[in-house]
There are 2 protein chains.
Amino acid sequence: MRVLVIIGCPEPPVLVPSTIYLLNMLKNRGCEVILSANPAALKLLETADPERYYLKGVGFQDIEMGLKNRLEVDAIVGFAHNDAAVNYIISYKSVYDAKTYAIVFGREVKKEYIEDLEEEGITTYSARAFHNPIPIVAKLKEMLREMIFK
Amino acid sequence: MRVLVIIGCPEPPVLVPSTIYLLNMLKNRGCEVILSANPAALKLLETADPERYYLKGVGFQDIEMGLKNRLEVDAIVGFAHNDAAVNYIISYKSVYDAKTYAIVFGREVKKEYIEDLEEEGITTYSARAFHNPIPIVAKLKEMLREMIFK
């Protein structure tokens, strides 16, 4: 199974750790992973994994370029904590035409993000989380069960 | 060489990736590492390293408890991006009585942090960094050369 993960601006401290957690879960389940990342987020991921234990084998593309360079993927997962991220997830779903999941998170969970995403047929999970990754980790596990076993 | 690393509130996105980068450099140079961390920072580190490639062998203590539980260490390194972190670094230096280094960072580098730390005999490096870890990584490398080879 080929999964595309989208991460935008790394403002929330939970974003980079949660992304590594997700990559690790996907790789452990035998998925091929491609990451569409904002350049600052990519540098943070590389700093957080200097020996490339988690990044090894993961494909990368710039979040903007990825919209012009459609790949075949089975599923898309996006982290949504601001307007730009919500828009990227919706755009990727429309360009890639694959089953899409979003984790809406932040200090507060914005209902309009959930509504906008669900209106586009995107399966949405939400977690109030900014410093504490545990609520996001729980939702990522739930999402993976749904993605892989259904 | 036994090094104590202090990290406080993980507000800046660069903090957790930079901490993993530092732990990895210290371990690769044969140092024994103890981490004094705020509980949210510790959960983020664990999420960012689910297989414990980087955290394996690292000792942990709560940042507050560590001040009551003095260990023998050869050097202390602290990340300073707010008042609380500056105060922790100064307190640890006084309790542990070891050579102490601080990385002052943030969207802006606050001169008063550098002055307060240097007044206490703490060797200080500074980097303007919030999303982009590269300036901090450069300073960490410089600090390690000074710590290990001088």
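In the predicted model, strand β2(B), helix α2 (residues 39–48) of chain B and strand β3(B) form a β-α-β unit of right-handed sense. The two strands of this unit, β2(B) and β3(B), run parallel and are joined by 4 bridges, and in β3(B) the residue bridged to B:Ala37 is B:Asp62. The intervening helix α2(B) is mostly covered, with 8 of its 10 residues buried; the buried positions of α2(B) are B:Ala40, B:Ala41, B:Leu42, B:Lys43, B:Leu44, B:Leu45, B:Thr47 and B:Ala48.

The strands of this unit belong to an open sheet of 6 strands in chain B, whose order is β3-β2-β1-β4-β5-β6 and whose pairing is parallel. Because β3 (59–62) and β6 (123–128) of chain B stand at the edges and have a single partner strand each, one side of each of these strands is left without a neighbour in the sheet. On average, and with direction ignored, neighbouring strands of the sheet are turned by 20° against each other. Within the sheet, strand β4 (residues 75–80) of chain B and strand β5 (residues 99–106) of chain B run parallel and are connected by 6 bridges, and B:Phe79 has B:Ile103 as its bridge partner in β5(B). Helix α1 (residues 15–28) of chain B packs on this sheet, where it touches β1 (2–7), β2 (32–37) and β4 of chain B, and the direction of α1(B) makes about 180° with that of β1(B). Helix α3 (residues 83–96) of chain B, in turn, lies across β1, β4 and β5 of chain B and runs at about 170° to β4(B).

The largest nonpolar core comprises 106 residues, and A:Ile89 and B:Ile89 are those with the most contacts inside it. In general, nonpolar side chains of soluble globular proteins tend to be buried together. When neighbours within four places in sequence are left aside, the residues in contact with A:Ile89 are A:Ile6, A:Gly78, A:Ala80, A:Thr100, A:Ala102, A:Leu117 and A:Ile122.

As regards the arrangement of the two chains, chain B is superposed on chain A by a rotation of 180° with 0.0 Å of shift along its axis, the RMSD being 0.0 Å. That is the relation of a two-fold axis. The residue of chain B that comes closest to the rotation axis is B:Pro13, whose C-alpha lies at 2.2 Å. The contact between the chains takes 24 residues from chain B and 24 residues from chain A. On the side of chain B that touches chain A, the elements giving two or more residues are α1, α2 and α5 (134–149) of chain B, and among these α1(B) gives the most, with 7 residues. Since 100% of the interface residues of chain B are also interface residues in chain A, the copies meet through the same surface.

A further contact between the chains involves B:Tyr53, which lies in the loop between α2 and β3 of chain B. Not counting residues up to four places away in sequence, B:Tyr53 touches A:Glu51 and A:Tyr53. B:Tyr53 counts as partly exposed because it has 13 C-beta neighbours inside 10 Å. Along the chain, B:Tyr53 and B:Ile122 are 69 residues apart, and their C-alpha atoms are separated by 31 Å.

Methods: Residues numbered from 1 in each chain as written. Chains lettered and ligands numbered in written order. Predicted model: local features only at pLDDT ≥ 70, side-chain atom pairs only at ≥ 80, totals over all residues. Pairing = 2+ DSSP bridges. Axes fitted to C-alpha atoms, helices over the stretch in contact; angles between N-to-C directions. Contact = placed C-beta atoms within 7 Å. Least-squares fit on C-alpha atoms with pLDDT ≥ 70 in both. Core = buried A, V, L, I, M, F, W, Y, C linked by C-beta atoms within 7 Å. Buried ≥ 20, exposed ≤ 12 C-beta atoms within 10 Å, placed from the backbone. Right-handed = clockwise from strand over helix to strand, strands pointing away.
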